Amino acid sequence: MDPLLHIKNLTVSIEDKNILKDVSLEIEPGKIYALMGPNGSGKSTLSKTVMGHPKYKVESGQIFAGGEDITAAGPDDRAKQGLFLSFQYPKTIPGVSLSNFLRSAYKSVKSEEIRVFDFKKKLKDKMETLSIPEYFADRHVNEGFSGGEKKKAEILQAMILDPKVIIMDETDSGLDVDALKIVAEGVKKLQTPDKAIILITHYFKILEYLTPDVVFVLKDGELVETGGSELAKEIEQNGFQKFGVTEVVEQPATEVVEKNEEEKSEPEEPSSPFAMID
Ligand SMILES: Nc1ncnc2c1ncn2[C@@H]1O[C@H](COP(=O)(O)OP(=O)(O)OP(=O)(O)O)[C@@H](O)[C@H]1O
Ligand SMILES: [Mg+2]
């Protein structure tokens, strides 16, 4: 059977700067993956390239979803193929309620109509799972949400859209320990034998609640090691030292997530491949 996602010798540049170099990996159903690596190693670049972000140019190599070559496909086609990315810095969408946003995304990705009543029921159910208060459905997407609330809203979106490959970019940052547990539980609930979850992180707290089957390590845009959960443990103890990196890996359980400068100055970035608001 074809892997859910197959990245083959992928080399990617941004504004003529080479970021990813000859990265190859395969993602299989039923598994949890951790994609680790120091700051700036290319983790977010890889996830955005997989989703078809227009700014990231594939110089060579291919991306396959379920055996189909999607290297040149647009972000919405990739979403329809069952790929989902929870962004490291989710966008605010003023004037659009979370409920309307999710329903539009659902209709677009699933290519099917759903009655408001049925959708609200589905939404309420999923929100309960994540301990998100009901009134959040009427709040504008991410407007005034805390770091933890934004992350939960992203997981809610994944629960509603039911993708095959779920990439969560630093879903753990900005969460206190209680919120982290709820999110980890939510991620566990997302997992079924036909899906794969890729957790991008350079922290370890979330890996106490979710044991990865496979750990990939990126450094300077190259995949430098693939291992089991013991590799994450080893990195927890020694940082990325063995890969020649002396970065101190801080544990961010109470870190406050803010949009970074890059995201602030990038208004042309699509807020999400699923952001089809009608
Ligand atoms: N839009 C962009 N324009 C210019 N350079 C970029 C852009 N996006 C990423 N880069 C560069 O690509 C490299 C990899 O960045 P990326 O965000 O993929 O790293 P990361 O592993 O996700 O880091 P972090 O752990 O800090 O989130 C960095 O040197 C970064 O500055
Ligand atoms: Mg990143």
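**Strand pairing and helix packing in the predicted model**

Leu5 has Ile27 of strand E2 as its bridge partner. This pair belongs to the antiparallel pairing of strand E1 (residues 5–14) with E2, which extends over 7 bridges. The structure described here is a predicted model. Strands E1 and E2 form part of an open sheet of 4 strands, whose order is E2-E1-E4-E5 and whose pairing is antiparallel. At its edges stand strand E2 (17–27) and strand E5 (68–69), each of which pairs on one side only. Helix H1 (residues 43–51) lies across E1, E2 and strand E4 (57–65), and the direction of H1 is at about 70° to that of E2.

A further open sheet comprises 6 strands in the order E6-E9-E10-E3-E11-E12, and its pairing is mixed. The edge positions are held by E6 and strand E12 (222–227); each has a single partner strand, so one side of each remains without a neighbour in the sheet. On average, and with direction ignored, neighbouring strands of this sheet are turned by 20° against each other.

Two successive pairings in this sheet were examined at the level of residues. Edge strand E6 (residues 83–86) pairs with strand E9 (residues 165–169) in the parallel sense, over 4 bridges, and Leu83 is placed opposite Val165 of E9. On its other side, E9 pairs with strand E10 (residues 196–200), again in the parallel sense, and this pairing has 5 bridges. Val165 stands opposite Ala196 of E10. Val165 therefore has a residue opposite it in each of the two neighbouring strands, Leu83 in E6 and Ala196 in E10. The side chains of a regular strand alternate between the two faces of the sheet. In E6, Leu83 and Leu85 point one way, whereas Phe84 and Ser86 point the other way. Residues on both sides of E6 are buried, including Leu83 and Phe84.

The helix packing centres here on H5 (residues 147–161), for which contacts with H3, H4 and H6 are described. Helix H3 (residues 98–110) packs against H5 at an angle of about 35°, and the two axes are 10 Å apart. The crossing of these helices is right-handed. On the H3 side, the contact involves Leu98, Leu102, Ala105, Tyr106 and Val109, and on the H5 side Ala153, Gln157, Ile160 and Leu161. By class, the residues of this contact are 8 nonpolar and 1 polar, with no charged residue.

Helix H4 (residues 116–129) packs on H5 at an angle of about 130°, with an axis separation of 10 Å. H4 and H5 are therefore oblique to each other. Their crossing is right-handed. Lys122, Leu123, Lys126 and Met127 of H4 are in contact with Leu156, Met159 and Ile160 of H5. The composition of this contact is 5 nonpolar and 2 charged residues, with no polar residue. Ile160 of H5 thus appears in the contact with H4 and in the contact with H3.

Helix H6 (residues 177–190) packs against H5 at an angle of about 10°, and their axes lie 10 Å apart. This angle makes H5 roughly parallel to H6. From H5, the residues in contact are Gly148, Lys151, Lys152, Ile155, Ala158 and Met159; from H6, they are Ala179, Val183, Gly186, Val187 and Leu190. These residues divide into 7 nonpolar, 2 polar and 2 charged. Met159 is listed both in this contact and in the contact of H5 with H4.

Two residues in loops of this helical region have an unusual backbone sign for their residue type, in that phi is positive although neither is a glycine. Ser111 has a phi near 50° and is located in the loop between H3 and H4. Ser111 counts as exposed because it has 8 C-beta neighbours inside 10 Å. Asn142 has a phi of about 65° and belongs to the loop between strand E8 (140–141) and H5. Asn142, with 20 other C-beta atoms within 10 Å, is buried. The two positive phi values thus occur in an exposed residue, Ser111, and in a buried one, Asn142.

Note on methods: Residues are numbered from 1 along each chain as its sequence is written. Chains are lettered from A and ligands numbered from 1 in the order in which they are written. This is a predicted model: local features need pLDDT of at least 70, side-chain atom pairs count only at pLDDT 80 or more; totals for chains, interfaces and linings use all residues. Axes are lines fitted to C-alpha atoms, for helices over the stretch in contact, and angles run from 0 to 180 degrees between N-to-C directions. Angles under 35 degrees count as roughly parallel, over 145 as roughly antiparallel, 65 to 115 as roughly perpendicular and the rest as oblique. A crossing is left-handed if the near helix is turned anticlockwise from the far one by less than a right angle, and right-handed if clockwise. Two residues are in contact if their C-beta atoms, placed from the backbone, lie within 7 Å. Ala, Val, Leu, Ile, Met, Phe, Trp, Tyr, Cys and Pro count as nonpolar, Asp, Glu, Lys and Arg as charged, and the others, Gly among them, as polar. A residue is buried if 20 or more other C-beta atoms lie within 10 Å of its own, exposed if 12 or fewer, and partly exposed in between; C-beta atoms are placed from the backbone. Two strands pair if DSSP finds at least two bridges between them.
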